[in-house]
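Here is a short walk through one chain. Keep the sequence and the 3D view side by side as you read.

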Amino acid sequence: MVDPEVKARLSSYRQSIDNIDAALVHMLAERFRCTKEVGVLKAQYNLPPADPAREEYQIERLRRLAKEAHLDPDFAEKFLNFVIKEVIRHHEAIAAEHGGTKETA
């Protein structure tokens with residue numbers, strides 16, 4: 001039998017995790033809403049879907065932030081690379097809808 005105090009602490013941690021997961025989903029949704037608008041602007045002005053200099057800056061910044069937060073910077077970079085690939089994929093789709101090209105910079 002598990003001590004009631006341990007069960008209460010476990011429940012509290014799990015509630016915090018659930019709240020954090022919900023916040024992450026909402027933050028990612030907002031991020032993708034903004035990047036969709038960037039994709040529309042890029043398509044309207046025939047700009048390439050990818051921006052390697054911006055991506056490099058984002059990765060360096062995220063790695064620094066991860067270190068400051070005592071989070072594995074390699075994990076943070078892998079996560080951001082996944083997000084970047086999804087953003088580029090969406091930008092390519094938006095460009096195709098607007099008759100643009102799929103070339104990247």
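Which residue forms a salt bridge with arginine 63? Aspartate 74 does, with the closest N and O atoms 3.0 Å apart. The pair links distant parts of the chain: arginine 63 sits in helix H2 (residues 52-68) and aspartate 74 in helix H3, 11 residues apart. A salt bridge here is a side-chain nitrogen of Lys or Arg within 4 Å of a carboxyl oxygen of Asp or Glu. Helices are DSSP runs of H or I with at least four residues, numbered from the N terminus.

Some ground rules come next. The model is predicted, so local features need pLDDT of at least 70, side-chain atom pairs count only at pLDDT 80 or more, and totals for chains, interfaces and linings use all residues. Residues are numbered from 1 along each chain as its sequence is written, and side-chain values use heavy atoms, with hydrogens and water left out.

Stay with the charged pairs. The structure holds five salt bridges. Side chains of opposite charge can pair when their charged atoms come close. Arginine 63 counts as partly exposed because its relative accessibility is 21%. Aspartate 74, at 42%, also counts as partly exposed. The cut-offs are these: buried means under 20% relative accessible area, exposed over 50%, and partly exposed in between, with a 1.4 Å probe and protein chains only.

Another salt bridge joins the side chains of arginine 64 and glutamate 68, at 3.3 Å from N to O. Both residues lie in helix H2, four residues apart, which is about one turn of the helix. Arginine 64 has 42% relative accessibility and so counts as partly exposed. Glutamate 68 is exposed, with a relative accessible area of 51%.

Now move to helix H3. Glutamate 86 forms a salt bridge with arginine 89, and their closest N and O atoms are 2.7 Å apart. The two are three residues apart in this helix, so about one helical turn separates them. Sharing of partners also occurs among the salt bridges: Arg63, Asp74 and Glu77 are joined into one network. Arginine 89 is partly exposed, because its relative accessible area is 47%. Its C-alpha atom is separated by 9.9 Å from that of glycine 39, 50 residues away along the chain.

Glycine 39 leads back to helix H1. This helix covers residues 4-44, 41 residues in total. From first C-alpha to last it reaches 60 Å, close to the 60 Å expected at 1.5 Å a residue. The expected span is 1.5 Å times one less than the number of residues. At the start of H1, a side-chain oxygen of aspartate 3 comes to within 2.7 Å of the backbone nitrogen of glutamate 5.

Which residues of H1 are buried? They are Thr35, Gly39, Val40, Lys42 and Ala43. Helix H3 (73-97) is included in what covers them. Histidine 91, placed in helix H3, shows contacts with this region. Leaving aside neighbours within four places in sequence, histidine 91 is in contact with Thr35, Val38, Gly39, Lys42 and Pro49. Contact means heavy atoms within 4.5 Å. Is histidine 91 buried or exposed? At 5% relative accessibility, it counts as buried.

H1 also contributes to the surface. Leucine 24 is found in this helix. At 40% relative accessibility, leucine 24 counts as partly exposed. Together with Ile20 and Met27, Leu24 makes a nonpolar surface patch of about 300 Å². Patch members have over 30% relative accessible area and no salt bridge; like charges are joined within 9 Å, and nonpolar side chains (Val, Leu, Ile, Met, Phe, Trp, Tyr) within 5 Å. Accessible areas come from the Shrake-Rupley method with a 1.4 Å probe, and for residues only the protein chains shown count as cover.

Finish with the loops. Most residues other than glycine have a negative phi, and most peptide bonds are trans. Asparagine 46, just after H1, takes a positive phi of about 55°. Asparagine 46 is found in the loop between H1 and H2. With 53% relative accessibility, asparagine 46 counts as exposed. Histidine 70 has a phi near 60°, a positive value in a residue other than glycine. Its place is the loop between H2 and H3. At 76% relative accessibility, histidine 70 counts as exposed.

Terms used. Polar contact = N/O pair within 3.5 Å; in protein donor to acceptor, adjacent residues only side chain to side chain.
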